Each structure stands twice: as structure tokens, then as C-alpha cells.
Amino acid sequence: IIGLLLVAIGAIFAFVLGLLSGTLASTLESMMGSFSSSLKEYGVEINLSELLGGMNHRLRWLGFLVLGVVLIVLSCIGCCGACCTVRGCLIIYAVMVGIMLIGQVIVISIWFSSNNLFKENARSAMEESLKKFTGISSKNIQSLLQNLVHVFVGCCGVTNGTDFQTMSPDWNRTYSVSGYSFNLTYPLTCCKFDLSTFKPKDEYCPYNNTTPETSNYKKGCYEAIFTFIDDYLPLDYLFYGLGGVLGFQCLLIVGVVILLVHDQKDNGKVKPT
């Protein structure tokens with residue numbers, strides 16, 4: 001089942017999304033009309049075609065597809081070995097499941113002994129993305145995602161707004177309103193937005209963007225995202241579930257051993273009915 005799910009995800013994002021990105025973008029744009037138009041008033045352009053195109057990294061999603069195919073083939077080898085008591089299939093199945101089990105044990109051990117390692121990797125990825133931020137009207141995927149995260153999560157930068165001075169100092173700060181142009185201190189999307197209208201709560205926020213009541217410039221996205229995850233989607237539960245999968249895999253290996261021992265005693269094959 002997991003193999004089929006991975007194949008479906010890989011196929012959709014590697015092939016189908018690329019073919020239908022234009023249709024999906026137009027559909028989403030019609031659904032998000034007020035959101036897009038409200039942000040566009042303030043110079044923030046959300047180009048969904050670019051966003052979907054950026055998600056369509058074929059090689060990345062082909063990895064999901066290949067992993068799914070491997071799991072399906074492994075499952076078929078296990079079924080064949082169990083139904084027909086084919087010793088070679090059973091041994092291959094047990095070895096492969098054992099390798100996956102060892103890998104999962106290592107991952108779980110690292111998480112519970114030092115989960116900061118995973119979080120620091122996430123922080124590094126966010127910082128690398130922020131370095132490619134070029135402005136509120138930019139159409140590259142890193143800028144698009146950064147603006148969306150700012151608005152919906154209510155944050156600014158990775159650690160805080162100063163990241164836009166140290167990590168991406170060359171982003172386009174020029175901003176115009178009512179014929180008057182000035183340089184932004186922080187991206188406009190660092191302002192606090194009213195999500196019912198998708199407009200800044202304070203129309204003067206873009207001028208300085210340093211008032212805590214109307215700006216998120218002190219609140220980093222790394223802290224905001226992981227605080228939300230810890231409060232509503234504790235990652236420990238994910239790894240507890242992975243521990244349950246380990247127990248199931250141990251049972252599979254035990255089952256293979258029982259079949260091999262039984263076959264050796266009987267010196268014969270169990271024919272499928």
C-alpha cells in the first residue's frame with residue numbers, strides 16, 4: 001500500500017503536474033482571486049504558474065516513484081516466497097526488510113538522542129532559500145514561498161527580519177505607493193496581515209515595518225513553524241508510529257524464519273491452493 005502511494009505521488013508530481021500546471025494555476029487563481037488581487041495592490045505578486053513549476057523538479061519526484069516500485073517489488077517477492085515457500089525469495093525479502101529496519105532504528109535513535117540535528121538541517125534549508133529572495137514582486141519560487149509563509153504563518157525571515165540585511169542584502173527594496181517611492185526596511189509581507197481581507201492591518205506599516213503591534217519583524221519563521229508543529233503536530237508521535245512499524249517489520253522477519261525452518265523440516269514446498 002505504501003509502495004502504491006509513493007508511486008502515485010511520484011507519478012503525479014513528476015509527470016502529471018507538469019502537463020496540467022497551467023490548468024491548475026488558472027483554477028487556483030480563480031479560487032484565490034481576492035487573496036491575489038489584495039496582495040497585488042501592495043506590489044506582492046503570487047504567480048501560481050511559477051510556484052507549481054518550481055515544485056515540478058522531476059528528478060526529485062522520480063525518487064518517490066522508484067522507491068515505491070522497489071517496495072512493491074519487495075512485497076511481491078515476499079508474497080511469492082510465503083505462498084510457494086521459495087527459499088531465495090524469502091531470504092531476499094528478510095535481508096531487505098532487515099536493512100530497512102536497521103535504517104529506521106538509526107533514524108529513530110538520532111531523533112530521540114538529538115532531534116536538534118533534524119531541526120538545524122531544516123534551518124539550514126530555510127536559510128539557503130532565503131538567500132535567493134529577491135523581492136516582494138519577484139517570481140522565483142524561493143521569493144514566492146517566502147512571501148506566502150510570511151503572510152500565512154505571521155513571521156519574518158528565518159531568525160527575524162535582520163536576516164534580510166545579512167543573508168539577502170541585495171533584494172529589491174524599492175517600493176512605491178501613491179506615486180511616492182521609498183526603500184523598504186523589511187519585505188512588505190513581514191507586516192501583520194488581516195487574513196480576512198489579505199491586507200496589512202496597518203496601511204502605514206510598509207514605511208518602517210518596525211512596530212511590534214503591526215509588524216512581525218522580530219518573529220522568525222523557523223521558531224514560528226516549529227512552535228506550531230510542537231503544539232499541534234508533535235513530531236515525537238511520528239517517530240512513535242515509526243517504532244510501531246519497526247515492531248511489524250520484526251514480525252515479518254520472524255515469519256520468514258518460521259517459514260524457512262518449517263520448509264527445511266518438511267523438505268518440500270507448500271503449493272498454492
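Student: Where in the chain is the place of Cys 155?

Tutor: Cys 155 sits in the loop between H7 and helix H8 (163–166). This is a predicted model: local features need pLDDT of at least 70, side-chain atom pairs count only at pLDDT 80 or more, and totals for chains, interfaces and linings use all residues. Residues are numbered from 1 along each chain as its sequence is written, and side-chain values use heavy atoms, with hydrogens and water left out.

Student: Why is Cys 155 called buried?

Tutor: Buried means under 20% relative accessible area, exposed means over 50%, and partly exposed lies in between (1.4 Å probe, protein chains only). Cys 155 has 0%, so Cys 155 is buried. Beyond its neighbours within four places in sequence, Cys 155 is in contact (heavy atoms within 4.5 Å) with residues including Val 149, His 150, Cys 190, Cys 221 and Ala 224. The C-alpha atoms of Cys 155 and Ile 225 are 8.9 Å apart, with their positions 70 residues apart along the chain.

Student: What is Cys 83 called at 45% relative accessibility, and why?

Tutor: Partly exposed, because 45% falls between the two limits. Cys 83 belongs to helix H4. Its C-alpha atom is separated by 9.9 Å from that of Leu 259, 176 residues away along the chain.

Student: How do you know that the span of helix H7 agrees with 1.5 Å a residue?

Tutor: The expected span is 1.5 Å times one less than the number of residues. H7 (residues 141–154) has 14 residues, so 20 Å is expected; its end C-alpha atoms are 19 Å apart, which agrees. As for what counts as a helix, helices are DSSP runs of H or I with at least four residues, strands are E runs of at least two, and numbering starts at the N terminus. The chain has 11 helices and 4 strands.

Student: What makes H7 mostly covered?

Tutor: In H7, 10 of the 14 residues are buried. Among them are Ile 141, Leu 144, Leu 148 and Val 151. Across the chain of 273 residues, the buried share is 35%.

Student: How many residues has H5, and how far does H5 reach?

Tutor: H5 has 28 residues and reaches 40 Å from first C-alpha to last, close to the expected 40 Å. Its buried residues include Leu 90, Tyr 93, Leu 101, Gln 104 and Ile 108.

Student: Why is Leu 246 called buried?

Tutor: Its relative accessible area is 13%, so Leu 246 is buried. Leu 246 is part of helix H11. Outside the residues up to four places away in sequence, Leu 246 touches Leu 101, Gln 104, Val 105 and Ile 108. The C-alpha atoms of Leu 246 and Ile 102 lie 9.1 Å apart, although the two are 144 residues apart along the chain.

Student: What makes up the largest nonpolar core?

Tutor: A nonpolar core is a set of buried Ala, Val, Leu, Ile, Met, Phe, Trp, Tyr and Cys residues joined through side-chain atoms within 4.5 Å. The largest has 25 residues, and Phe 164, Tyr 175 and Leu 184 have the most contacts inside it. H10 gives the largest share of this core, 5 residues. A second, separate core of 7 residues includes Leu 74, Leu 90, Tyr 93 and Val 256.

Student: Which residues lie nearest the centre of the largest pocket?

Tutor: Ile 2, Leu 71, Ser 75, Met 100 and Gln 249, out of 26 lining residues. Helices H1 (2–31), H4 (58–84), H5 (87–114) and H11 (235–266) each give two or more residues to the lining. On a 1 Å grid over the protein atoms alone, a pocket is an open set of points where a 1.4 Å probe fits, with protein on both sides within 12 Å along at least five of seven lines; lining residues have an atom within 4 Å of a point.
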